[in-house]
Structure formats: structure tokens, C-alpha cells
Amino acid sequence: MTEEVALRFSVTRNHAFLLVETSCALVSRLPNTLAALERGDIDLYKASKVMQLTREVSDEVAAQVDAWLAQRLADRDPGSIRRSVSHAVQKFDPAGYRERAARKRALRHISLEHNDETMSTLSGHLPTEVASSIYASMSRAARTRRNKDKSRTLEQHRADIFAERLLAEDGRGKPRAHIHVYVDLLTLTGAREDPATLAGYGPIPDWLVREIASDPDSTWSRLITDAATGQVLEAGAGKYRSPASLARLIMARDRECTQPGCHRPAEFSEIDHIIGRARDGKTDHHNCHLHCKAHNLLREEPGWSAEPTGNGGMIITTPSGHTYETAPEPFHEPRAEPDDDAPQP
């Protein structure tokens with residue numbers, strides 16, 4: 001159901017899962033919260049805060065929390081509601097809360113969310129005392145730097161220290177970034193100002209990609225595109241039909257998971273057949289594409305199918321019978337005629 005909702009509403013899997021989970025919880029376990037939503041005392045976002053903190057408790061505890069919150073939801077902001085729910089869960093289920101806290105502390109991780117105008121958010125899901133200590137340490141260092149360098153704000157110093165500490169090898173040495181950027185040669189040379197593509201993020205401006213490319217530690221690989229379509233024809237060295245060069249071609253062409261709404265970068269995705277080899281699917285650039293592990297496994301679920309449309313494109317059919325067509329984005333606009341602005345040899 002989650003995948004169907006994601007495709008139907010053009011939202012991410014996580015957003016679709018939250019919608020489905022919140023709806024089911026309101027109907028089956030949180031009648032007072034549902035009533036507050038229907039009255040307009042809260043919106044769906046605030047209702048999701050109640051669901052999220054009661055999703056792992058028993059039905060009995062959920063009912064106690066829901067009843068306790070009945071007169072405590074109206075005219076409250078989401079943060080206040082979340083704190084009230086957390087208080088109620090600890091009040092009615094102290095032992096369960098302690099067990100869940102231990103499990104979640106074992107699930108610490110970091111995550112990356114891409115934003116607009118060349119910015120992204122890197123966050124860590126850490127035990128509270130660890131996260132607080134890290135922030136305090138960076139703040140102290142930032143204040144020290146700010147006293148000596150007024151050209152940057154305190155927040156900028158703090159962010160720069162955060163990046164320096166994470167990128168430096170073993171906490172020492174020069175930071176080094178490992179990313180994949182795809183850029184038109186004409187943009188790279190400055191003859192055009194078309195955006196380039198940063199894997200997993202999307203378009204980045206021409207001036208930024210030239211800054212990245214000018215770094216002496218940057219490494220380059222050649223990609224050859226079809227002028228008429230903008231699609232990749234060849235990636236790197238080697239014979240086009242060999243498995244290694246075919247893999248390079250597919251990773252360069254797709255750049256990310258090809259499931260609509262998923263943007264997991266190529267280096268974290270898997271190359272597989274649209275029509276499986278068991279059905280005599282060919283191993284070529286028309287029938288092979290990138291999928292993250294989750295969406296690759298989804299294809300094996302009952303009711304899901306896909307048919308290739310050429311050069312990595314496909315038509316996906318869901319269990320409900322809806323179809324969705326997807327194809328790799330071209331690297332540049334079609335060029336039917338020679339470009340007069342191209343650098344002359």
C-alpha cells in the first residue's frame with residue numbers, strides 16, 4: 001500500500017508511509033485524537049506527532065495516552081503536543097519506555113537530505129547526551145574563532161567546524177570530498193551556463209561545478225552523449241559491450257535509483273534487469289537500470305511489473321493496475337545542429 005500511495009500522490013516512500021501509518025492509527029487506536037482532527041482542533045501534521053510517539057506502545061497504553069490528551073490538543077503547537085505525548089507515554093508505560101530507549105540508542109545513524117540552492121542537511125540521530133556534547137564542543141570552538149575572525153557569523157563558524165571535523169581523515173589532515181558530478185563539456189569550459197548534475201542532489205549551477213572541477217584533487221572520467229537525445233552512449237575507457245563498461249554507462253546515465261520519487265545515488269544502488277534473465281531479458285543498456293535495494297526487492301512483490309521502453313526507460317505497473325512511465329534524464333538538450341558556440345580546435 002505504501003508504494004501505491006507514494007506513486008499515486010507523487011510523494012516519497014517515507015511520506016507515504018507516514019500518511020498510511022497515521023491514518024490507520026487514528027482509526028484503530030486514537031479515537032480522541034481523530035475527533036480533535038475532525039473538529040479542526042489539530043491538523044494532520046499535529047495528529048502525526050501523537051501517532052509517532054505511540055506507534056510502539058500497546059493498544060492499552062495508546063488508549064490511556066489518547067484519553068489523557070483529549071483536552072490537551074487544541075491550541076497547541078506541534079512541539080508542545082509532542083512533549084505532552086512523551087510525558088504521557090512515560091507516565092503510563094515507564095518500563096516499556098526504558099526498553100524502547102535502549103533499542104533506539106542502538107539504532108544511531110546519520111542521514112542526508114538535499115535542499116535548494118546548492119545546500120543540504122546532514123544530521124545525526126544520536127543519544128541525547130552525545131549530540132548535546134558535540135554541539136556544545138562545536139559552539140565553544142566557534143566562539144573562539146569568532147573572537148578572532150569577524151568575517152563569518154557564529155553559525156557559519158560552527159557549520160565550518162562541523163564540516164572540517166567530519167571530512168578530515170581520522171580527525172587530522174586536509175578534508176577530502178568524494179562526490180560524483182556530471183557536467184557538459186561546454187559548461188565546464190565556460191562556453192555554456194547550463195546546470196550540471198550532482199549525484200543524489202540534482203542540478204547545480206555552472207559556477208559551482210567549475211569550482212569543484214578546478215580543485216587539483218578532482219578526478220575526471222569521459223562520458224560520450226548522443227547529440228540528438230542527450231543520453232549517454234559511452235562511459236570511461238574499455239569496450240562498450242563489456243560488463244565493466246556497461247556498468248559504468250548505466251551508472252552514469254541513470255545517476256540515481258530509477259523508481260519515481262526515489263533519489264538514492266548510483267553508488268548506493270544496484271544494477272539489474274528490467275525484464276529478468278529468467279524471462280530471457282537481455283543484458284544491455286536498454287534492459288538494465290539502477291534501483292536502490294528496497295525498490296529492487298519491490299519488483300518481486302506480487303502485482304508489480306515493469307516493461308522496458310529503451311535506454312533504461314520503463315513502464316511500471318502496480319498491483320492496482322496503475323502505470324507510471326520513467327526514463328533517465330538526458331544530460332543536455334537535444335542538439336540537432338552543430339553548436340556554433342563550441343570551442344574550435
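# A chat about loops, cores and a small sheet

Visitor: Where does Glu117 sit?
Guide: Glu117 is placed in the loop that lies between strand S1 (109-114) and strand S2 (120-125). Please keep in mind that this is a predicted model.

Visitor: What is the phi of Glu117?
Guide: The phi of Glu117 is positive, at about 50°, although this residue is not a glycine.

Visitor: And is Glu117 buried or exposed?
Guide: Glu117 is exposed, because its relative accessible area is 66% and over 50% counts as exposed.

Visitor: What about Thr118, what phi does that one have?
Guide: Thr118 has a phi near 65°, which is again a positive value in a residue other than glycine. Thr118 is also placed in the loop between S1 and S2, and with a relative accessible area of 31% it is partly exposed.

Visitor: Changing topic, how many residues are in the largest nonpolar core?
Guide: That core has 19 residues, and the ones with the most contacts inside it are Val50, Val65, Leu69, Leu73 and Val85. At least two residues of this core come from each of helix H2 (13-28), helix H4 (44-54), helix H5 (59-69) and helix H6 (78-92).

Visitor: Which helix gives the most to it?
Guide: H5 gives the most to this core, with 5 residues. As general background, nonpolar side chains tend to be buried together in soluble globular proteins.

Visitor: You named Leu73, so what is Leu73 in contact with?
Guide: If we leave aside its neighbours within four places in sequence, Leu73 is in contact with Thr33, Ala36, Asp41, Ile42, Val50 and Ile81. There is also a second, separate core of 8 residues, which includes Leu7, Leu298, Ala306 and Met314.

Visitor: Back to the helices, at what angle do H2 and H4 pack?
Guide: H2 and H4 pack at an angle of about 75°, and their axes are 9 Å apart. The two helices are therefore roughly perpendicular to each other, a term used for angles of 65 to 115 degrees.

Visitor: Which residues meet there?
Guide: On the H2 side there are Leu18, Leu19, Glu21, Thr22, Ala25 and Leu26, and they meet Leu44, Ala47, Ser48, Met51 and Gln52 in H4. Sorted by class, the contact of H2 with H4 has 7 nonpolar, 3 polar and 1 charged residues.

Visitor: I clicked on Arg82, which helix is that in?
Guide: Arg82 is found in helix H6, and at 35% relative accessibility it counts as partly exposed.

Visitor: What does Arg82 touch?
Guide: Not counting residues up to four places away in sequence, Arg82 touches Lys49, Gln52 and Leu53. The C-alpha atoms of Arg82 and Ala47 are separated by 9.7 Å, while the two residues are 35 residues apart along the chain.

Visitor: One more topic, in what order do the strands of the open sheet run?
Guide: The open sheet is formed by 3 strands in the order S10-S11-S12, and their pairing is antiparallel. Strand S10 (305-310) and strand S12 (323-326) are the edge strands, as each of them pairs on one side only. From one strand to the next, the twist averages 20°.

Visitor: How many bridges join S10 to S11?
Guide: S10 and strand S11 (residues 313-317) run antiparallel and are joined by 5 bridges.

Visitor: And what stands opposite Gly310?
Guide: Gly310 has Gly313, in S11, standing opposite.

Terms used: Residues are numbered from 1 along each chain as its sequence is written. This is a predicted model: local features need pLDDT of at least 70, side-chain atom pairs count only at pLDDT 80 or more; totals for chains, interfaces and linings use all residues. Side-chain values use heavy atoms; hydrogens and water are left out. A nonpolar core is a set of buried Ala, Val, Leu, Ile, Met, Phe, Trp, Tyr and Cys residues joined through side-chain atoms within 4.5 Å. Buried means under 20% relative accessible area, exposed over 50%, partly exposed in between (1.4 Å probe, protein chains only). Helices (H or I, at least four residues) and strands (E, at least two) are DSSP runs, numbered from the N terminus. Contact means heavy atoms within 4.5 Å. Two strands pair if DSSP finds at least two bridges between them. Axes are lines fitted to C-alpha atoms, for helices over the stretch in contact, and angles run from 0 to 180 degrees between N-to-C directions. Angles under 35 degrees count as roughly parallel, over 145 as roughly antiparallel, 65 to 115 as roughly perpendicular and the rest as oblique. Ala, Val, Leu, Ile, Met, Phe, Trp, Tyr, Cys and Pro count as nonpolar, Asp, Glu, Lys and Arg as charged, and the others, Gly among them, as polar.
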